[in-house]
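I sat down with this one and kept notes as I went. What would I want to look up before anything else?

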Amino acid sequence: ASAARALQATAGAFVLGLALVALTPTSHIIDAHGAEHGMRLLTALSTASAAAEIGLSPLVGSLADAIGRKKILLGAVLSALLTNGAVAIAPSVGLLAMAKFVSPLAVGLYFLASGATLADCLQGQPAQLAAASGVLFAVISGGFGFGVGLSGFLPPGLRARYALSTCCLAASLCCAVVLVPESLPASSRIAFRPRSANPLSCVRLFRSGRRMRVL
C-alpha cells in the first residue's frame, strides 16, 4: 500500500509537469518554421519518439530485471527533468524539439517501471494489484487533464512554462528517491542478456496459436 501511494504521488507530479507544456512546442515550432515545415518536424519528432519507445522497451525491461525497477523509474523522470530544465534555462527551438522527443519516451518508460513495481509489491494479490493500478492510472489521467487545463492560464513565454514544469518534475524526482521502494530484491534479479532485449522478439508470439495472433 505504501509503494502504491508513493507511485501515485510521483506519477501525479510527473504527469502534471509534462502536461503543463504538452501543447507548448506545437505553436512555437510552427511560429519558427512555418505551418508546413513545422508540422513535418512535429510529426517526425512524434514518430521518432514512438519508434524509440518500441525499440528501447525490451532493452529497458531487461535492464529493470537486472538492476531493479527504481533506477529505471528515476531515469525516466530525470530525463524529462533535464530536457525541460534546459528549455527553461536557454529556450530555443532545438532544445524544445529535444524536449518534445524525450517527454513521450519518458512517459512510456515510467509506465513500464511503475507497472513492474506494483506487480512486484502486490505479487499474488490480483485484486489489490488491479485496484492499485486503477488508482494510479486515474491519478495519471487526472494530472494530465488538470495540467493541460492549467497551461492555458500560464504566461506564453517558454521560460516561465518550462520553469514551472521543471519544478513539478523535480518534486516527482524527490518523491521517487525518498518514497518509492526498490521492489525487486537482489536475489530475484536476472543478469542482463542482449538477446532478450531484441525489439523483434515479440514476433515469436505469433507462433503461439491463432488466438495469440488475433490478439
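Here are my entries, roughly in the order I made them.

**Entry 1: the overall layout**

I am noting up front that this is a predicted model. I began with the secondary structure and counted eight helices and zero strands. Read from the N terminus, the order of elements is α-α-α-α-α-α-α-α. I then looked up burial: the chain has 215 residues, and 37% of them count as buried.

**Entry 2: α1 against α7**

Next I wanted to know how α1 and α7 sit relative to each other. Their axes are 7 Å apart, and the packing angle is about 165°. The cut-off for roughly antiparallel is over 145 degrees, so α1 and α7 are roughly antiparallel to each other. I also looked up the handedness, and the crossing of α1 and α7 is left-handed.

I picked A13 as a residue to follow here. A13 belongs to helix α1, which spans residues 2-19. Is A13 buried or exposed? A13 has a relative accessible area of 16%, and under 20% means buried, so A13 is buried. I also checked A13 against A170: the two are 157 residues apart along the chain, yet their C-alpha atoms are separated by 8.5 Å.

**Entry 3: α5 against α6**

I did the same for α5 and α6. Helix α5 covers residues 93-121, and its axis comes within 10 Å of the axis of α6, with a crossing at roughly 150°. That angle makes α5 roughly antiparallel to α6. The handedness I wrote down for α5 passing α6 is right-handed.

**Entry 4: salt bridges**

How many salt bridges does a search of the whole structure find? I got three.

One of them pairs E36 with R40, with 2.8 Å between the closest N and O atoms. Why are E36 and R40 about one helical turn apart? Both lie in helix α3 (residues 35-67) and they are four residues apart, so about one helical turn separates them. I looked up the accessibility of E36 too: at 52% relative accessibility, E36 counts as exposed.

Another is R69 with D65, where the closest N and O atoms are 2.7 Å apart. I compared how the two partners are covered. R69 is buried, with a relative accessible area of 9%, whereas D65 is partly exposed at 28%.

R69 also turned up in a salt bridge with D120, again at 2.7 Å from N to O. This pair links distant parts of the chain, since R69 is in helix α4 (residues 69-89) and D120 is in helix α5, 51 residues apart. I drew D65, R69 and D120 as one network, joined by salt bridges that share partners.

**Entry 5: two more contacts along the chain**

I went to L184 next. L184 sits in the loop between α7 (158-179) and α8 (210-214). Is this loop residue, L184, buried or exposed? L184 counts as buried, at 8% relative accessibility. I checked L184 against G68, and their C-alpha atoms are separated by 5.6 Å, with the two positions 116 residues apart along the chain.

Then I turned to I89, which is in helix α4. I89 is exposed, with a relative accessible area of 67%. The C-alpha atoms of I89 and R159 are separated by 6.8 Å, and the two residues are 70 apart along the chain.

**Entry 6: a nonpolar patch on the surface**

Last, I looked at the surface. Which residues make the nonpolar surface patch? I have F146, L150 and F153 down for it, and the patch comes to about 360 Å².

I took a closer look at F146. F146 is found in helix α6, residues 126-151, the helix I had already set against α5 in Entry 3. F146 has a relative accessible area of 53%, and the cut-off for exposed is over 50%, so F146 is exposed.

**Entry 7: what I would go back to**

Two items are flagged in my margin. One is the network of D65, R69 and D120, with R69 buried. The other is the patch of F146, L150 and F153, with F146 exposed.

Note on methods: Residues are numbered from 1 along each chain as its sequence is written. This is a predicted model: local features need pLDDT of at least 70, side-chain atom pairs count only at pLDDT 80 or more; totals for chains, interfaces and linings use all residues. Side-chain values use heavy atoms; hydrogens and water are left out. Patches are made of residues with over 30% relative accessible area and no salt bridge: like charges are joined within 9 Å, nonpolar side chains (Val, Leu, Ile, Met, Phe, Trp, Tyr) within 5 Å. Accessible areas come from the Shrake-Rupley method with a 1.4 Å probe; for residues, only the protein chains shown count as cover. A salt bridge is a side-chain nitrogen of Lys or Arg within 4 Å of a carboxyl oxygen of Asp or Glu. Helices (H or I, at least four residues) and strands (E, at least two) are DSSP runs, numbered from the N terminus. Buried means under 20% relative accessible area, exposed over 50%, partly exposed in between (1.4 Å probe, protein chains only). Axes are lines fitted to C-alpha atoms, for helices over the stretch in contact, and angles run from 0 to 180 degrees between N-to-C directions. Angles under 35 degrees count as roughly parallel, over 145 as roughly antiparallel, 65 to 115 as roughly perpendicular and the rest as oblique. A crossing is left-handed if the near helix is turned anticlockwise from the far one by less than a right angle, and right-handed if clockwise.
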